[in-house]
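User: Hello! I am new to this structure and would like a close look at how its helices pack and what lies around them. Could you walk me through that part?

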Amino acid sequence: MSEKKGVMNAVSITPTEVIEYLFCPRFIYFEQVLMIPEHQELRYKVLMGREVHERKVKVNREYVRKKIGCVDKEISVYLSSLKHKIRGVVDEVLSFSDGTMAPLEYKFAEYRPYIFKTHRSQLTLEALLIQENYEKPVKKGFLVYVRSKNLLREVVFKPSDFDNATRIIEEILRIVQNGYYPKKTGSRAKCIDCCYKNICV
Ligand code: SF4
């Protein structure tokens, strides 16, 4: 999922902002409230799963589609939600014969035996977008790990995933709209290379 990077719409959260929030909530504050631009070369690599790389990777989408068993799919679909205050481009929107739908995301990453919180949150946001725009149930999503020979991983959504996604959106809006100064990240190791470490007190 990607989006046009730029000025944040007051009522619309993008996946990048969610990923930044999960890395450290203060990123959002410094970047969006104080308007201090980040220096990307100094940032932690987890934020750098830059989708631009993914776009350059050729993936056999037909193979992936057959493996999943979907009956239809749309590629690079821009969706927005006034209700949830989010927007973004879903790599693939899949339809299944049982009437359900699912998002699929390509990750320029190697497979790990667990799902990154950022990846799960991103998929969950996409599920909310699909549910609202297509009015179909979304029970699962898919991740394709490009650097592990396009390994496919299914993610079954739990109610807590939707609760967490809603909470994250509310907290980002609180920072951006109300100027709320959030707590530091719980992982101080992230501060070592952070471009904001000299002003973050
Ligand atoms: S210095 Fe640490 S707490 Fe402050 S913005 Fe950077 S990562 Fe977050």
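Analyst: Here is a walk through the helix packing, with a short look at the surroundings afterwards.

Please keep in mind that this is a predicted model. To get your bearings, the protein chain has 6 helices and 5 strands. Followed along the sequence, these elements come in the order α-α-α-α-β-β-β-α-β-β-α. Of the 201 residues in the protein chain, 30% are buried. Among contacts with a separation of 6 or more, 68% join residues 24 or more positions apart.

Let us begin with the core, as the helices we care about contribute to it. In soluble globular proteins, nonpolar side chains tend to be buried together. The largest nonpolar core here has 37 residues, and those touching the most other members are Val 18, Ile 28, Leu 129, Ile 130 and Ile 172. Two or more residues of this core come from each of α1 (15-23), α2 (25-33), β2 (86-95), β3 (101-107), α5 (117-134), β4 (140-145) and α6.

Now for the helix pairs. Two packed helices are described by the angle between their axes and the distance between the axes. Take α1 and α5 to start with: their axes are 10 Å apart and the packing angle is about 145 degrees. The crossing of this pair, α1 and α5, is right-handed. Which residues meet where α1 packs on α5? From α1 come Pro 15, Val 18, Ile 19 and Leu 22, and they meet Lys 117, Thr 118, Ser 121, Gln 122 and Leu 125 of α5. Sorted by class, the contact of α1 with α5 holds 5 nonpolar, 3 polar and 1 charged residues.

Val 18 deserves a pause, since we have already met this residue in the core. Leaving out residues up to four places away in sequence, Val 18 touches Ile 13, Ser 121, Gln 122, Leu 125 and Ile 168. Among these partners, Ser 121, Gln 122 and Leu 125 belong to the α5 side of the helix contact.

The other pair is α2 with α6. Here the axes lie 9 Å apart, at an angle of about 35 degrees, and the crossing of α2 and α6 is also right-handed. On the α2 side, Pro 25, Ile 28, Tyr 29, Gln 32 and Val 33 take part, while α6 offers Glu 171, Ile 172, Ile 175 and Val 176. The contact of α2 with α6 divides into 7 nonpolar, 1 polar and 1 charged residues. Ile 28 and Ile 172, named earlier for touching the most other core members, sit on opposite sides of this contact, in α2 and α6.

Glu 171 is worth a visit of its own. This residue is part of helix α6, which covers residues 159-178. Is Glu 171 buried or exposed? Glu 171 counts as partly exposed because 15 C-beta neighbours fall inside 10 Å. Its C-alpha atom is 8.9 Å from that of Pro 182, a residue 11 positions away along the chain.

Some of the surroundings now come into view. Helix α4 spans residues 61-68 and includes Arg 61. Arg 61 has 16 C-beta neighbours inside 10 Å, so Arg 61 is classed as partly exposed. Although 89 residues separate Arg 61 from Asn 150 in sequence, their C-alpha atoms are 9.8 Å apart.

Asn 150 leads us to the loop between β4 and β5. Most residues other than glycine have a negative phi, and most peptide bonds are trans. Yet Asn 150, not a glycine, has a positive phi of about 60 degrees. Lys 149 has a positive phi as well, near 55 degrees, and is placed in the loop between β4 and β5 (151-156). Lys 149 is exposed because there are 9 other C-beta atoms within 10 Å, whereas Asn 150, with 18, is partly exposed.

One last stop is the loop between β2 and β3, where Phe 96 is found. Phe 96 is partly exposed, with 17 other C-beta atoms within 10 Å. Apart from neighbours within four places in sequence, Phe 96 is in contact with Cys 70, Val 71 and Met 101. Val 71 is 25 residues away from Phe 96 in sequence, but C-alpha to C-alpha the two are 5.3 Å apart.

Technical notes:
Residues are numbered from 1 along each chain as its sequence is written. This is a predicted model: local features need pLDDT of at least 70, side-chain atom pairs count only at pLDDT 80 or more; totals for chains, interfaces and linings use all residues. Helices (H or I, at least four residues) and strands (E, at least two) are DSSP runs, numbered from the N terminus. A residue is buried if 20 or more other C-beta atoms lie within 10 Å of its own, exposed if 12 or fewer, and partly exposed in between; C-beta atoms are placed from the backbone. Two residues are in contact if their C-beta atoms, placed from the backbone, lie within 7 Å. A nonpolar core is a set of buried Ala, Val, Leu, Ile, Met, Phe, Trp, Tyr and Cys residues joined through C-beta atoms within 7 Å. Axes are lines fitted to C-alpha atoms, for helices over the stretch in contact, and angles run from 0 to 180 degrees between N-to-C directions. A crossing is left-handed if the near helix is turned anticlockwise from the far one by less than a right angle, and right-handed if clockwise. Ala, Val, Leu, Ile, Met, Phe, Trp, Tyr, Cys and Pro count as nonpolar, Asp, Glu, Lys and Arg as charged, and the others, Gly among them, as polar.
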